[in-house]
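User: Could you take me through one part of this model in detail? I'd like a close look at a sheet and what lies around it, with the cut-offs spelled out.

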Amino acid sequence: MGSGQNRQLNVPVVYLENHKNVGSYRFVQNQRQNIPKAYLKIEPNYQKIERLETINSAVVHGVVGLKNLGNTCYFNTAIHCISHTQPLVDYFLSKAYKINSSCPTSGNITKAFVSLMEQIWDDENCFAESKDFRLLVQGQKLKPYNKCINPIKLLNLLQKYSKRFALGDQEDCQELLSYLLDLLHQELNRSQPNSKSVTKDYTGEYIDPKWAADSWGEHLKINRSIIVDLFQGQLKSTCKCQECGFQSHKFEPFLFLNLPIPKQKVSIYKCLDLFQEPELLSGSCQWKCPNCKINRDFKKQIQLWKLPNQLIIHLKRFEYQHRKQVKLNTVVEFPLELDMAQYCVDQAISCYQLYAVAQHDGSSYGGHYVALCKAQNNTWYMYNDEQVFRIQDVKKMVQNEYAYMLFYQRYDNIYRQTLNKPEAWPHFRLPKISQTTHLMVQTDRKSQDSSPIQLESTPLDNQTGVISQQRSQQDIKFNSIQ
(Lines give C-alpha, C1' and ligand atoms only; values in the text may rest on other atoms or scores of the structure.)
Protein backbone atom coordinates (compact mmCIF):
# COMPACT_ATOMS: atom_id res chain seq x y z
CA MET A 1 0.00 0.00 0.00
CA GLY A 2 1.42 3.38 -0.92
CA SER A 3 0.24 6.94 -0.64
CA GLY A 4 1.48 7.86 -4.09
CA GLN A 5 2.97 11.12 -2.84
CA ASN A 6 4.97 12.92 -5.53
CA ARG A 7 4.80 10.06 -7.98
CA GLN A 8 3.98 9.78 -11.66
CA LEU A 9 1.66 7.34 -13.33
CA ASN A 10 0.49 5.58 -16.42
CA VAL A 11 -3.26 5.12 -16.57
CA PRO A 12 -5.00 1.75 -16.67
CA VAL A 13 -7.49 1.48 -19.52
CA VAL A 14 -10.29 -0.98 -20.16
CA TYR A 15 -11.87 -0.81 -23.61
CA LEU A 16 -15.07 -2.77 -22.97
CA GLU A 17 -17.54 -2.85 -20.11
CA ASN A 18 -18.50 -6.33 -18.95
CA HIS A 19 -21.54 -6.99 -16.77
CA LYS A 20 -21.91 -10.20 -14.80
CA ASN A 21 -24.49 -11.55 -12.40
CA VAL A 22 -23.09 -10.39 -9.07
CA GLY A 23 -24.38 -10.76 -5.53
CA SER A 24 -28.11 -10.25 -5.08
CA TYR A 25 -28.43 -7.87 -8.00
CA ARG A 26 -30.70 -8.36 -10.96
CA PHE A 27 -28.80 -9.49 -14.03
CA VAL A 28 -28.91 -6.94 -16.82
CA GLN A 29 -29.04 -8.77 -20.14
CA ASN A 30 -26.74 -7.62 -22.93
CA GLN A 31 -26.15 -4.21 -21.41
CA ARG A 32 -23.16 -2.34 -22.75
CA GLN A 33 -22.79 1.37 -22.21
CA ASN A 34 -20.49 3.09 -24.62
CA ILE A 35 -19.31 6.68 -24.44
CA PRO A 36 -22.31 8.92 -25.28
CA LYS A 37 -22.39 10.83 -28.56
CA ALA A 38 -21.47 14.03 -26.81
CA TYR A 39 -18.20 12.48 -25.73
CA LEU A 40 -17.60 10.82 -29.06
CA LYS A 41 -17.59 14.28 -30.64
CA ILE A 42 -14.78 15.41 -28.39
CA GLU A 43 -12.98 12.09 -28.08
CA PRO A 44 -9.88 13.37 -29.93
CA ASN A 45 -9.14 15.28 -26.73
CA TYR A 46 -8.87 11.96 -24.87
CA GLN A 47 -5.80 9.78 -25.25
CA LYS A 48 -5.96 6.07 -24.46
CA ILE A 49 -3.02 4.93 -22.38
CA GLU A 50 -1.29 1.56 -22.65
CA ARG A 51 0.07 -0.28 -19.66
CA LEU A 52 3.76 -0.10 -18.77
CA GLU A 53 5.32 -2.61 -16.42
CA THR A 54 6.73 -0.82 -13.37
CA ILE A 55 10.49 -1.20 -12.80
CA ASN A 56 12.00 0.97 -10.05
CA SER A 57 10.23 3.97 -11.45
CA ALA A 58 8.38 6.80 -9.79
CA VAL A 59 4.67 5.98 -9.65
CA VAL A 60 1.41 7.44 -8.42
CA HIS A 61 -1.62 5.62 -7.12
CA GLY A 62 -5.36 6.09 -7.26
CA VAL A 63 -6.14 6.09 -11.00
CA VAL A 64 -8.11 2.99 -11.99
CA GLY A 65 -11.52 2.20 -13.46
CA LEU A 66 -14.60 0.88 -11.63
CA LYS A 67 -16.80 -1.89 -12.97
CA ASN A 68 -20.28 -0.89 -14.15
CA LEU A 69 -22.74 -3.31 -12.54
CA GLY A 70 -25.74 -2.18 -14.56
CA ASN A 71 -26.66 1.52 -14.73
CA THR A 72 -24.26 2.25 -11.86
CA CYS A 73 -22.37 5.04 -13.62
CA TYR A 74 -23.84 7.50 -11.07
CA PHE A 75 -22.24 5.50 -8.24
CA ASN A 76 -18.89 5.06 -9.99
CA THR A 77 -18.71 8.77 -10.80
CA ALA A 78 -19.30 9.73 -7.17
CA ILE A 79 -16.62 7.27 -5.99
CA HIS A 80 -14.10 8.50 -8.57
CA CYS A 81 -14.58 12.11 -7.46
CA ILE A 82 -14.43 11.38 -3.75
CA SER A 83 -11.39 9.10 -4.17
CA HIS A 84 -9.50 12.14 -5.49
CA THR A 85 -10.27 14.08 -2.31
CA GLN A 86 -6.77 13.59 -0.96
CA PRO A 87 -7.26 14.60 2.71
CA LEU A 88 -10.14 12.13 3.04
CA VAL A 89 -8.19 9.33 1.36
CA ASP A 90 -5.14 9.96 3.54
CA TYR A 91 -7.35 9.90 6.63
CA PHE A 92 -8.77 6.47 5.81
CA LEU A 93 -5.60 4.87 4.43
CA SER A 94 -3.64 5.93 7.53
CA LYS A 95 -6.26 4.21 9.73
CA ALA A 96 -6.78 7.43 11.67
CA TYR A 97 -10.50 6.83 12.07
CA LYS A 98 -12.45 5.26 14.92
CA ILE A 99 -15.95 3.86 14.33
CA ASN A 100 -18.78 5.06 16.54
CA SER A 101 -19.87 1.98 18.50
CA SER A 102 -23.42 3.30 18.92
CA CYS A 103 -24.06 3.63 15.20
CA PRO A 104 -26.87 1.28 14.03
CA THR A 105 -24.95 0.34 10.86
CA SER A 106 -22.02 -0.99 12.97
CA GLY A 107 -19.42 0.75 10.81
CA ASN A 108 -20.18 -1.46 7.80
CA ILE A 109 -20.21 1.43 5.32
CA THR A 110 -16.89 2.77 6.59
CA LYS A 111 -15.25 -0.65 6.42
CA ALA A 112 -16.48 -1.23 2.86
CA PHE A 113 -15.47 2.28 1.80
CA VAL A 114 -11.97 1.88 3.27
CA SER A 115 -11.64 -1.50 1.55
CA LEU A 116 -12.55 0.11 -1.78
CA MET A 117 -10.06 2.96 -1.25
CA GLU A 118 -7.36 0.42 -0.43
CA GLN A 119 -8.04 -1.36 -3.71
CA ILE A 120 -8.01 1.87 -5.69
CA TRP A 121 -4.73 2.94 -4.08
CA ASP A 122 -3.11 -0.49 -3.99
CA ASP A 123 0.39 -0.93 -5.43
CA GLU A 124 -1.04 -3.44 -7.92
CA ASN A 125 -2.85 -0.56 -9.64
CA CYS A 126 0.02 1.93 -9.88
CA PHE A 127 1.81 2.75 -13.14
CA ALA A 128 4.96 4.45 -14.35
CA GLU A 129 5.28 7.08 -17.02
CA SER A 130 8.74 8.63 -16.65
CA LYS A 131 10.74 9.38 -19.81
CA ASP A 132 13.72 7.38 -18.57
CA PHE A 133 11.53 4.34 -18.07
CA ARG A 134 9.96 4.70 -21.51
CA LEU A 135 13.40 4.32 -23.07
CA LEU A 136 13.77 0.94 -21.37
CA VAL A 137 10.61 -0.48 -22.94
CA GLN A 138 10.77 0.96 -26.46
CA GLY A 139 11.59 -2.45 -27.88
CA GLN A 140 8.79 -4.18 -26.00
CA LYS A 141 5.18 -4.64 -27.07
CA LEU A 142 2.98 -2.73 -24.64
CA LYS A 143 0.01 -4.59 -23.19
CA PRO A 144 -3.46 -3.10 -22.82
CA TYR A 145 -4.44 -2.98 -19.17
CA ASN A 146 -7.50 -5.18 -18.64
CA LYS A 147 -8.02 -4.80 -14.94
CA CYS A 148 -10.59 -2.76 -13.02
CA ILE A 149 -12.08 -2.77 -9.53
CA ASN A 150 -15.45 -4.23 -8.64
CA PRO A 151 -17.22 -1.98 -6.07
CA ILE A 152 -19.97 -4.54 -5.38
CA LYS A 153 -19.38 -4.74 -1.62
CA LEU A 154 -20.05 -1.06 -0.94
CA LEU A 155 -22.91 -0.96 -3.45
CA ASN A 156 -24.54 -3.99 -1.80
CA LEU A 157 -24.48 -2.25 1.57
CA LEU A 158 -25.90 0.97 0.20
CA GLN A 159 -28.72 -1.05 -1.34
CA LYS A 160 -29.28 -2.79 1.99
CA TYR A 161 -29.76 0.50 3.83
CA SER A 162 -31.60 2.25 0.99
CA LYS A 163 -33.52 0.22 -1.60
CA ARG A 164 -33.53 3.11 -4.06
CA PHE A 165 -29.95 2.39 -5.12
CA ALA A 166 -30.73 -1.06 -6.55
CA LEU A 167 -28.94 -2.20 -9.69
CA GLY A 168 -30.62 -1.37 -12.99
CA ASP A 169 -32.21 1.85 -11.76
CA GLN A 170 -30.72 5.15 -12.90
CA GLU A 171 -30.20 7.38 -9.87
CA ASP A 172 -28.80 10.81 -9.13
CA CYS A 173 -25.05 11.09 -8.53
CA GLN A 174 -25.39 13.97 -6.04
CA GLU A 175 -28.05 12.19 -3.99
CA LEU A 176 -25.90 9.06 -3.84
CA LEU A 177 -22.86 11.02 -2.67
CA SER A 178 -24.93 12.91 -0.09
CA TYR A 179 -26.27 9.62 1.27
CA LEU A 180 -22.81 8.05 1.38
CA LEU A 181 -21.19 11.01 3.18
CA ASP A 182 -24.06 11.11 5.66
CA LEU A 183 -23.59 7.42 6.51
CA LEU A 184 -19.83 7.90 6.88
CA HIS A 185 -20.50 10.85 9.18
CA GLN A 186 -22.86 8.81 11.36
CA GLU A 187 -20.38 5.95 11.67
CA LEU A 188 -17.43 8.25 12.43
CA ASN A 189 -19.22 10.78 14.63
CA ARG A 190 -17.03 11.58 17.65
CA SER A 191 -19.83 13.13 19.72
CA GLN A 192 -21.27 11.36 22.75
CA PRO A 193 -24.43 9.26 22.11
CA ASN A 194 -26.68 11.27 24.45
CA SER A 195 -25.43 14.71 23.46
CA LYS A 196 -28.02 17.39 22.76
CA SER A 197 -27.92 20.74 20.99
CA VAL A 198 -30.19 23.76 20.79
CA THR A 199 -31.17 25.45 17.52
CA LYS A 200 -31.17 29.19 18.08
CA ASP A 201 -32.70 32.12 16.25
CA TYR A 202 -31.24 35.59 16.62
CA THR A 203 -32.94 38.92 16.08
CA GLY A 204 -31.70 42.34 15.08
CA GLU A 205 -30.85 44.46 12.10
CA TYR A 206 -27.09 43.97 12.37
CA ILE A 207 -25.23 40.68 12.70
CA ASP A 208 -23.02 39.82 15.68
CA PRO A 209 -20.27 37.39 14.56
CA LYS A 210 -20.61 35.66 17.94
CA TRP A 211 -23.98 34.30 16.81
CA ALA A 212 -22.34 32.22 14.08
CA ALA A 213 -19.76 30.79 16.50
CA ASP A 214 -22.51 30.04 19.01
CA SER A 215 -24.50 28.12 16.39
CA TRP A 216 -21.40 26.26 15.19
CA GLY A 217 -20.66 25.19 18.75
CA GLU A 218 -24.19 23.85 19.15
CA HIS A 219 -23.80 21.96 15.88
CA LEU A 220 -20.52 20.40 17.06
CA LYS A 221 -22.16 19.10 20.23
CA ILE A 222 -23.80 16.34 18.16
CA ASN A 223 -21.82 16.42 14.89
CA ARG A 224 -18.04 15.91 14.94
CA SER A 225 -16.42 13.78 12.24
CA ILE A 226 -13.94 13.94 9.37
CA ILE A 227 -16.91 14.80 7.13
CA VAL A 228 -17.60 17.90 9.24
CA ASP A 229 -13.89 18.75 9.36
CA LEU A 230 -13.52 18.66 5.58
CA PHE A 231 -16.84 19.30 3.87
CA GLN A 232 -19.14 21.37 6.07
CA GLY A 233 -19.46 25.13 5.95
CA GLN A 234 -22.00 27.53 7.42
CA LEU A 235 -24.89 29.53 5.96
CA LYS A 236 -26.84 32.46 7.38
CA SER A 237 -30.58 32.48 6.76
CA THR A 238 -32.51 35.73 7.36
CA CYS A 239 -36.28 36.29 7.38
CA LYS A 240 -37.60 39.88 7.30
CA CYS A 241 -41.23 40.78 7.90
CA GLN A 242 -42.57 43.03 5.14
CA GLU A 243 -44.99 44.70 7.56
CA CYS A 244 -42.92 45.66 10.61
CA GLY A 245 -39.36 45.03 9.40
CA PHE A 246 -38.59 42.47 12.14
CA GLN A 247 -35.59 40.27 11.26
CA SER A 248 -34.78 36.76 12.42
CA HIS A 249 -31.42 35.10 11.70
CA LYS A 250 -30.36 31.47 11.83
CA PHE A 251 -26.93 29.94 11.18
CA GLU A 252 -26.95 26.44 9.71
CA PRO A 253 -24.30 24.00 8.37
CA PHE A 254 -24.19 22.89 4.76
CA LEU A 255 -22.52 19.97 2.99
CA PHE A 256 -23.29 20.84 -0.65
CA LEU A 257 -23.60 24.32 -2.08
CA ASN A 258 -26.71 23.89 -4.24
CA LEU A 259 -26.64 26.67 -6.83
CA PRO A 260 -29.56 27.64 -9.09
CA ILE A 261 -28.79 28.19 -12.76
CA PRO A 262 -30.71 30.25 -15.33
CA LYS A 263 -31.51 29.15 -18.88
CA GLN A 264 -28.88 31.28 -20.59
CA LYS A 265 -25.10 30.94 -20.48
CA VAL A 266 -23.79 32.20 -17.16
CA SER A 267 -20.72 32.26 -14.92
CA ILE A 268 -20.45 30.45 -11.59
CA TYR A 269 -20.25 33.85 -9.88
CA LYS A 270 -23.65 34.80 -11.29
CA CYS A 271 -25.03 31.54 -9.88
CA LEU A 272 -23.59 32.49 -6.49
CA ASP A 273 -25.30 35.88 -6.75
CA LEU A 274 -28.61 34.20 -7.60
CA PHE A 275 -28.18 31.87 -4.62
CA GLN A 276 -27.88 34.85 -2.26
CA GLU A 277 -30.67 36.98 -3.74
CA PRO A 278 -33.58 37.75 -1.37
CA GLU A 279 -36.83 35.93 -2.18
CA LEU A 280 -40.30 37.36 -1.46
CA LEU A 281 -42.67 34.74 -0.03
CA SER A 282 -46.40 35.34 0.33
CA GLY A 283 -49.77 33.60 0.24
CA SER A 284 -49.53 30.03 1.51
CA CYS A 285 -45.81 30.56 2.15
CA GLN A 286 -46.27 33.36 4.67
CA TRP A 287 -44.16 33.44 7.83
CA LYS A 288 -45.53 33.92 11.35
CA CYS A 289 -43.71 37.06 12.42
CA PRO A 290 -42.63 36.83 16.11
CA ASN A 291 -43.27 40.56 16.45
CA CYS A 292 -46.65 40.80 14.67
CA LYS A 293 -47.79 37.42 16.07
CA ILE A 294 -49.60 36.64 12.80
CA ASN A 295 -48.64 35.35 9.34
CA ARG A 296 -47.00 37.98 7.15
CA ASP A 297 -45.36 38.26 3.74
CA PHE A 298 -41.61 38.15 4.21
CA LYS A 299 -38.30 38.19 2.41
CA LYS A 300 -35.91 35.31 2.91
CA GLN A 301 -32.21 35.49 2.10
CA ILE A 302 -29.52 32.82 2.39
CA GLN A 303 -25.88 33.92 2.50
CA LEU A 304 -22.56 32.15 2.83
CA TRP A 305 -20.89 32.72 6.16
CA LYS A 306 -18.03 30.22 6.50
CA LEU A 307 -16.59 28.03 3.76
CA PRO A 308 -15.30 24.45 4.15
CA ASN A 309 -11.90 23.14 3.14
CA GLN A 310 -13.44 20.94 0.45
CA LEU A 311 -16.19 22.82 -1.36
CA ILE A 312 -18.68 20.71 -3.33
CA ILE A 313 -20.85 22.78 -5.66
CA HIS A 314 -24.01 21.16 -6.98
CA LEU A 315 -25.47 22.81 -10.08
CA LYS A 316 -29.25 22.37 -9.91
CA ARG A 317 -29.84 21.21 -13.47
CA PHE A 318 -33.00 19.25 -12.71
CA GLU A 319 -36.20 21.13 -11.90
CA TYR A 320 -39.95 20.80 -12.28
CA GLN A 321 -41.74 22.85 -14.95
CA HIS A 322 -45.49 22.40 -15.44
CA ARG A 323 -45.40 19.28 -13.22
CA LYS A 324 -42.69 17.69 -15.36
CA GLN A 325 -39.06 17.26 -14.49
CA VAL A 326 -36.72 18.84 -17.01
CA LYS A 327 -32.97 19.23 -17.28
CA LEU A 328 -31.26 22.57 -17.87
CA ASN A 329 -28.31 22.22 -20.27
CA THR A 330 -27.09 25.74 -19.54
CA VAL A 331 -23.37 26.31 -19.98
CA VAL A 332 -22.00 27.41 -16.61
CA GLU A 333 -18.53 28.90 -16.86
CA PHE A 334 -16.38 28.12 -13.84
CA PRO A 335 -12.65 28.67 -13.29
CA LEU A 336 -10.03 26.11 -12.40
CA GLU A 337 -9.11 28.46 -9.55
CA LEU A 338 -12.11 29.88 -7.73
CA ASP A 339 -11.88 33.04 -5.62
CA MET A 340 -14.66 33.15 -3.02
CA ALA A 341 -13.41 36.27 -1.19
CA GLN A 342 -16.55 38.31 -1.81
CA TYR A 343 -18.86 35.46 -0.74
CA CYS A 344 -17.61 34.74 2.77
CA VAL A 345 -17.16 36.68 6.00
CA ASP A 346 -13.75 37.27 7.58
CA GLN A 347 -12.09 34.25 6.00
CA ALA A 348 -8.44 34.89 5.25
CA ILE A 349 -7.99 32.07 2.74
CA SER A 350 -10.73 31.91 0.14
CA CYS A 351 -8.95 30.58 -2.96
CA TYR A 352 -9.95 27.15 -4.22
CA GLN A 353 -8.52 24.84 -6.86
CA LEU A 354 -10.73 22.53 -8.93
CA TYR A 355 -9.79 18.85 -8.65
CA ALA A 356 -12.83 16.92 -9.87
CA VAL A 357 -16.01 17.34 -11.93
CA ALA A 358 -18.99 15.01 -12.20
CA GLN A 359 -20.60 15.34 -15.64
CA HIS A 360 -24.02 14.20 -16.83
CA ASP A 361 -25.10 13.80 -20.45
CA GLY A 362 -28.74 13.10 -21.16
CA SER A 363 -32.18 14.14 -19.94
CA SER A 364 -34.02 14.03 -16.62
CA TYR A 365 -35.23 10.52 -17.51
CA GLY A 366 -31.94 8.94 -18.48
CA GLY A 367 -28.34 9.60 -19.34
CA HIS A 368 -24.78 8.80 -18.40
CA TYR A 369 -22.36 10.06 -15.75
CA VAL A 370 -18.60 10.37 -16.07
CA ALA A 371 -15.97 11.79 -13.74
CA LEU A 372 -13.09 14.09 -14.68
CA CYS A 373 -10.44 14.21 -11.97
CA LYS A 374 -6.97 15.64 -11.44
CA ALA A 375 -4.41 13.12 -10.22
CA GLN A 376 -1.40 13.81 -8.03
CA ASN A 377 0.80 14.50 -11.03
CA ASN A 378 -1.55 17.41 -11.89
CA THR A 379 -2.80 15.57 -14.98
CA TRP A 380 -6.54 15.33 -15.62
CA TYR A 381 -8.21 12.00 -16.45
CA MET A 382 -11.70 11.06 -17.59
CA TYR A 383 -13.34 8.02 -15.95
CA ASN A 384 -16.09 6.33 -17.94
CA ASP A 385 -16.69 3.46 -15.51
CA GLU A 386 -13.94 0.93 -16.42
CA GLN A 387 -12.48 3.12 -19.15
CA VAL A 388 -9.89 5.75 -18.26
CA PHE A 389 -8.52 8.43 -20.59
CA ARG A 390 -5.92 11.13 -20.23
CA ILE A 391 -7.45 14.54 -21.02
CA GLN A 392 -5.42 16.71 -23.36
CA ASP A 393 -7.58 19.84 -23.55
CA VAL A 394 -8.55 20.38 -19.91
CA LYS A 395 -10.46 23.63 -20.32
CA LYS A 396 -12.61 22.32 -23.16
CA MET A 397 -13.33 18.98 -21.53
CA VAL A 398 -13.99 20.18 -18.00
CA GLN A 399 -15.76 23.50 -18.54
CA ASN A 400 -18.87 22.68 -20.58
CA GLU A 401 -22.63 22.19 -20.34
CA TYR A 402 -22.28 18.67 -18.86
CA ALA A 403 -20.87 19.82 -15.50
CA TYR A 404 -23.12 18.71 -12.64
CA MET A 405 -20.95 18.71 -9.49
CA LEU A 406 -17.74 20.67 -8.95
CA PHE A 407 -15.16 19.67 -6.34
CA TYR A 408 -12.83 22.40 -5.07
CA GLN A 409 -9.89 22.19 -2.64
CA ARG A 410 -8.91 25.23 -0.56
CA TYR A 411 -5.29 26.32 -0.11
CA ASP A 412 -5.41 25.95 3.66
CA ASN A 413 -4.55 23.70 6.55
CA ILE A 414 -7.23 21.41 7.97
CA TYR A 415 -8.23 21.61 11.61
CA ARG A 416 -10.26 19.10 13.56
CA GLN A 417 -13.52 20.63 14.76
CA THR A 418 -14.05 19.90 18.45
CA LEU A 419 -15.72 21.53 21.45
CA ASN A 420 -12.69 21.81 23.71
CA LYS A 421 -10.51 23.57 21.12
CA PRO A 422 -12.63 26.40 19.67
CA GLU A 423 -9.51 28.19 18.48
CA ALA A 424 -9.52 25.69 15.60
CA TRP A 425 -12.96 26.82 14.45
CA PRO A 426 -13.03 28.98 11.31
CA HIS A 427 -14.71 31.70 13.41
CA PHE A 428 -11.70 32.13 15.71
CA ARG A 429 -8.66 31.44 13.54
CA LEU A 430 -8.38 35.05 12.43
CA PRO A 431 -6.32 37.30 14.74
CA LYS A 432 -8.76 40.20 14.88
CA ILE A 433 -11.59 37.89 15.96
CA SER A 434 -9.70 35.55 18.26
CA GLN A 435 -8.20 38.45 20.22
CA THR A 436 -11.47 40.24 20.85
CA THR A 437 -14.13 37.52 20.94
CA HIS A 438 -14.97 35.05 23.67
CA LEU A 439 -17.03 31.91 23.31
CA MET A 440 -20.77 32.07 23.85
CA VAL A 441 -21.13 28.27 23.91
CA GLN A 442 -20.34 26.12 26.90
CA THR A 443 -17.39 23.85 26.28
CA ASP A 444 -17.06 20.53 28.01
CA ARG A 445 -13.45 20.41 29.18
CA LYS A 446 -13.94 16.91 30.55
CA SER A 447 -14.99 15.57 27.18
CA GLN A 448 -11.99 14.37 25.24
CA ASP A 449 -11.87 13.24 21.63
CA SER A 450 -11.47 9.49 21.34
CA SER A 451 -9.85 9.48 17.90
CA PRO A 452 -6.42 7.82 17.60
CA ILE A 453 -4.89 11.10 16.45
CA GLN A 454 -5.10 14.43 18.26
CA LEU A 455 -5.38 17.34 15.87
CA GLU A 456 -7.46 19.87 17.79
CA SER A 457 -4.99 22.72 17.62
CA THR A 458 -2.56 21.34 15.06
CA PRO A 459 -3.25 21.75 11.35
CA LEU A 460 -3.72 18.53 9.41
CA ASP A 461 -1.53 18.60 6.33
CA ASN A 462 -3.69 17.52 3.41
CA GLN A 463 -0.63 16.32 1.49
CA THR A 464 -1.65 18.05 -1.69
CA GLY A 465 0.84 20.88 -1.65
CA VAL A 466 -0.96 23.20 0.74
CA ILE A 467 0.04 26.80 0.15
CA SER A 468 -0.23 29.30 2.99
CA GLN A 469 -1.96 32.31 1.53
CA GLN A 470 -2.92 35.53 3.28
CA ARG A 471 -5.05 38.39 2.06
CA SER A 472 -6.05 41.66 3.64
CA GLN A 473 -9.00 41.26 5.99
CA GLN A 474 -12.25 42.81 4.85
CA ASP A 475 -15.17 43.76 7.04
CA ILE A 476 -18.18 42.41 5.21
CA LYS A 477 -21.30 43.70 6.95
CA PHE A 478 -24.66 42.16 6.25
CA ASN A 479 -27.19 44.84 7.06
CA SER A 480 -30.95 44.67 6.67
CA ILE A 481 -32.47 43.12 3.57
CA GLN A 482 -33.53 45.78 1.13
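Analyst:

**The five-stranded sheet and its surroundings**

Thr203 stands opposite Ser248 in E6. Before going on, please note that this is a predicted model, in which local features need pLDDT of at least 70 and side-chain atom pairs count only at pLDDT 80 or more, while totals for chains, interfaces and linings use all residues. Residues are numbered from 1 along each chain as its sequence is written, and side-chain values use heavy atoms, with hydrogens and water left out.

The strands here, like the helices, are DSSP runs numbered from the N terminus (helices are H or I with at least four residues, strands are E with at least two). E4 and strand E6 (residues 247-254) run antiparallel and are joined by two bridges; two strands count as paired if DSSP finds at least two bridges between them. In general, strands of a sheet pair through backbone hydrogen bonds, either parallel or antiparallel.

Taken as a whole, the sheet is open and has five strands in the order E4-E6-E5-E12-E9, with antiparallel pairing. At its edges lie strand E4 (202-203) and strand E9 (279-281), each of which pairs on one side only. Helix H8 (residues 209-222) packs on the sheet and touches E4, strand E5 (233-241), E6 and strand E12 (298-306). Contact here means heavy atoms within 4.5 Å. The direction of H8 makes about 45° with that of E6; axes are lines fitted to C-alpha atoms, for helices over the stretch in contact, and angles run from 0 to 180 degrees between N-to-C directions.

E5 also leads us to a cavity: E5 and helix H9 (226-231) each supply at least two residues of the lining of the largest one. A cavity is a set of points on a 1 Å grid over the protein atoms alone where a 1.4 Å probe fits but cannot get out, and lining residues have an atom within 4 Å of a point. Grid points are joined across faces, edges and corners, and a volume is the space filled by probe spheres set on the points. The count comes to five cavities of 30 Å³ or more, and the largest has a volume of about 130 Å³. It is lined by 19 residues, of which Asp229, Gln232, Leu307, Asn309 and Pro426 are the closest to its centre. The lining divides into eight nonpolar, seven polar and four charged residues, where Ala, Val, Leu, Ile, Met, Phe, Trp, Tyr, Cys and Pro count as nonpolar, Asp, Glu, Lys and Arg as charged, and the others, Gly among them, as polar.

Technical notes. On a 1 Å grid over the protein atoms alone, a cavity is a set of points where a 1.4 Å probe fits but cannot get out, and a pocket is an open set with protein on both sides within 12 Å along at least five of seven lines; lining residues have an atom within 4 Å of a point.
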